[in-house]
Amino acid sequence: MGVDFSTPLWYYNKMEKVCKKCKDTKKLEEFSIRSDSGNYRHSCKVCISSQRSSFRLDNIERFKENDRRYHKENAESKKKTTREWYLNNKEQALGYAKNYREENRELIRKNDSQFYENNKERIKKEKSE
Ligand SMILES: [Zn+2]
């Protein structure tokens, strides 16, 4: 489609094209031009951008799914490692916890009351529900 420069510009502005996607007749300016071939695209700009965003959404979903799976697998193996360590080092683990509690009795008590103080309303609400 060669451009005839004798044709006034308003004529080109009125030129229309049917979008293959939404089947709407739209002005040429509603279509973008392919950078590879220099031809107008078959879908209008609106369709192309919605196609792009749905593509992005699809990918976000896939990405989230992968992320979820990774975390799940990771959490499983972490749990397993912790459990194994605990079973192999039961005495030590119990000792640690006991020592920690004894050494930090004041601190734990303070933390607990601090936590209660900060979440008083929520705790009350949870209890009453
Ligand atoms: Zn369209």
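The expected span of a helix is 1.5 Å times one less than its number of residues. Keep that rule handy for the exercises below. Residues are numbered from 1 along each chain as its sequence is written. You're looking at a predicted model, where local features need pLDDT of at least 70 and side-chain atom pairs count only at pLDDT 80 or more, while totals for chains, interfaces and linings use all residues.

**Exercise 1. Find which helix falls short of its expected span, and where it bends.**

Step 1: Helices (H or I, at least four residues) and strands (E, at least two) are DSSP runs, numbered from the N terminus. The protein has four helices and two strands, in the order α-β-β-α-α-α from the N terminus on.

Step 2: Try H2 (residues 45-88). Its 44 residues reach 64 Å from first C-alpha to last, close to the expected 64 Å. Helix H3 (residues 90-103) does likewise: 14 residues, 20 Å reached, close to the 20 Å expected.

Step 3: Now helix H4 (residues 105-128). With 24 residues, a straight helix would reach 34 Å, but the end C-alpha atoms of H4 are only 29 Å apart.

Step 4: Look along H4 for a bend. There's one of about 80° at Asn119 (the angle between axes fitted to the seven residues ending there and the seven starting there).

**Exercise 2. Work out how many residues of H2, H3 and H4 are buried.**

Step 1: Get the cut-offs straight. A residue is buried if 20 or more other C-beta atoms lie within 10 Å of its own, exposed if 12 or fewer, and partly exposed in between, with C-beta atoms placed from the backbone.

Step 2: Count along each helix. H2 gives zero buried residues among its 44, H3 zero among its 14, and H4 zero among its 24.

Step 3: Zoom out to the whole protein: of its 129 residues, 2% count as buried.

**Exercise 3. Decide whether Cys19 and Lys23 are buried, partly exposed or exposed, then list what Cys19 touches.**

Step 1: Place them. Cys19 is in the loop between strand S1 (16-18) and S2, and Lys23 also sits in the loop between S1 and S2.

Step 2: Count neighbours. Cys19 is partly exposed because it has 19 other C-beta atoms within 10 Å. Lys23 has 7, so it's exposed.

Step 3: Check the backbone of Lys23. Its phi is near 60°, a positive value in a residue other than glycine. Most residues other than glycine have a negative phi.

Step 4: Contacts need C-beta atoms, placed from the backbone, within 7 Å. Leaving out residues up to four places away in sequence, Cys19 touches Asp24, Lys26, Ser43, Cys44 and Cys47. The C-alpha atoms of Cys19 and Cys44 are separated by 5.6 Å, though the two are 25 residues apart along the chain.

**Exercise 4. Describe the surroundings of Lys45.**

Step 1: Lys45 is found in helix H2. It's partly exposed because it has 14 C-beta neighbours inside 10 Å.

Step 2: Not counting residues up to four places away, Lys45 touches Glu30, Phe31 and Ser32. Lys45 and Phe31 are 5.2 Å apart, C-alpha to C-alpha, and 14 residues apart in sequence.

**Exercise 5. Find which element has the lowest mean pLDDT.**

Step 1: pLDDT is the predictor's confidence in each residue, from 0 to 100. The protein averages 82, and 88% of the residues score at least 70.

Step 2: Helix H1 (residues 9-14) has the lowest mean, 55, while strand S2 (residues 25-27) has the highest, 92. Where pLDDT is low, the predicted coordinates shouldn't be read in detail.

Notes
Contact = placed C-beta atoms within 7 Å.
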